[in-house]
Amino acid sequence: RGFTIDLVRKYNYLRVLLKFILNKSLSIFLTFFVIVSVSFFLLRTLPGSPFDEGKFSSPEIEAKMQAKYGLDKPIQEQYLSYIKGIFFKGDLGPSLKYPNRDVNEILFEALPVSLELGLLAFLVSLCVGISLGIIAAQTRSSFVENLINQISTFGISMPSFIFAAILIYVLGLQLKILPVALWEGPSYLIMPVLTLAIAPTA
């Protein structure tokens, strides 16, 4: 009987877990689908095109560029082709800014840097967050705990882009102790990592 009860419990646990995973996956898929669709149609509703900013000497050349990128086709055909490329091939299409380059290629070039920043920010937020949590737990109802709570509230409520602007202004432009642009060494990591780590730490 005990074995049967354990088996039933494990079955129910696996069923709940599977249901959670399926619901989460469906939610992520639908969210991604809506974002992709809305972005596609918003860009198509903007006036003009990527090729009418004086880059081309004649309407004929502009028309050829439109045809090359499939922008001369009906919008529903463009949409279906775009959705098919993303969801069935993982292809984000050609870049309109960088000729003869795919969006996938550009993203994969930047991926190592993004992974490095994300990993460092995760480690910083993990170490600092756990340390502050332990300190707050050991100093309950004290000035230190209140200070940590205030810092945590500040970190949660402040948008990352505002925190980044403050870091750039103070550390980069005023004190001039950290670089504000480029990617040429460890010192260039500090401000981006701090910006990414502030919210998870809080």
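**Exercise 1. Confidence**

Task: Find where confidence is lowest and where it is highest in this predicted model.

Solution:
- Start at the low end. Helix α2, residues 59-68, has the lowest confidence, with a mean of 76.
- Go to the high end. Helix α6, residues 160-174, has the highest, at 89.
- Set these against the whole protein. The average pLDDT is 83, and 93% of the residues score at least 70.
- Keep one caution in mind. Predicted coordinates should not be read in detail where pLDDT is low.

**Exercise 2. The course of α4**

Task: Compare the reach of helix α4 with the expected value, then locate its bend.

Solution:
- Count the residues. α4 runs over residues 103-138, which makes 36 residues.
- Take the end-to-end distance. From the first C-alpha to the last, α4 reaches 50 Å.
- Compare. At 1.5 Å a residue, 52 Å is expected, and the model comes close to that.
- Look for a bend. α4 turns by about 40° at Leu111.
- Check the sequence after the bend. A proline, Pro112, follows within four residues.

**Exercise 3. The buried side of α4**

Task: List the buried residues of α4 and name the helices they pack against.

Solution:
- Apply the cut-off: buried means under 20% relative accessible area.
- Asn104, Leu117, Ala121, Ser125 and Ala136 of α4 are buried.
- Identify the partners. These buried residues pack against α5 (143-157) and α7 (190-201).
- Examine the α5 partner. The axes of α4 and α5 lie 8 Å apart, at an angle of about 145°.
- Find the contact residues. From α4 come Leu132, Ile135 and Ala136; from α5 come Val144, Glu145 and Ile148.
- Add the hand. The crossing of α4 and α5 is left-handed.

**Exercise 4. Val124**

Task: Place Val124 in the fold and decide whether it is buried, partly exposed or exposed.

Solution:
- Locate the residue. Val124 is in helix α4.
- Read the accessibility. The relative accessible area of Val124 is 31%, so this residue is partly exposed.
- List the contacts, leaving out residues up to four places away in sequence. Val124 touches Gly129, Val193, Ala197 and Thr201.
- Check a distant pair. Val124 and Leu196 are 72 residues apart along the chain, yet their C-alpha atoms are separated by 9.5 Å.

**Exercise 5. α6 and its partner**

Task: Test the span of α6, then describe how α6 packs against α7.

Solution:
- Work out the span. The 15 residues of α6 should cover 21 Å at 1.5 Å a residue.
- Compare with the model. The end C-alpha atoms are 20 Å apart, which agrees.
- Note the kink. α6 has one of about 25°, centred on Ile168.
- Pick out the buried residues. In α6 these are Phe163, Ala164, Leu167, Leu171 and Gly172, and they pack against α7.
- Describe the crossing. The axes of α6 and α7 come within 9 Å and cross at roughly 145°. The crossing is right-handed.
- Name the residues that meet. Ser160, Phe163, Ala164, Leu167, Ile168 and Leu171 of α6 face Met191, Leu194, Thr195 and Ile198 of α7 in contact.

**Exercise 6. Lys176**

Task: State what is notable about the phi of Lys176, and whether this residue is buried or exposed.

Solution:
- Place the residue. Lys176 lies in the loop between α6 and α7.
- Recall the norm. Most residues other than glycine have a negative phi.
- Read the angle. Lys176 is not a glycine, yet its phi is positive, about 55°.
- Check the exposure. The relative accessible area is 64%, so Lys176 is exposed.

Methods: Residues numbered from 1 in each chain as written. Predicted model: local features only at pLDDT ≥ 70, side-chain atom pairs only at ≥ 80, totals over all residues. Heavy atoms only, no water. Helix = DSSP H or I, 4+ residues; strand = E, 2+ residues; numbered from the N terminus. Expected span 1.5 Å × (residues − 1). Bend = angle between axes of the 7 residues up to and from the residue. Buried < 20%, exposed > 50% of the residue type's maximum accessible area, 1.4 Å probe, protein only. Contact = heavy atoms within 4.5 Å. pLDDT = per-residue confidence, 0-100. Axes fitted to C-alpha atoms, helices over the stretch in contact; angles between N-to-C directions. Left-handed = near helix turned anticlockwise from the far one by under 90°.
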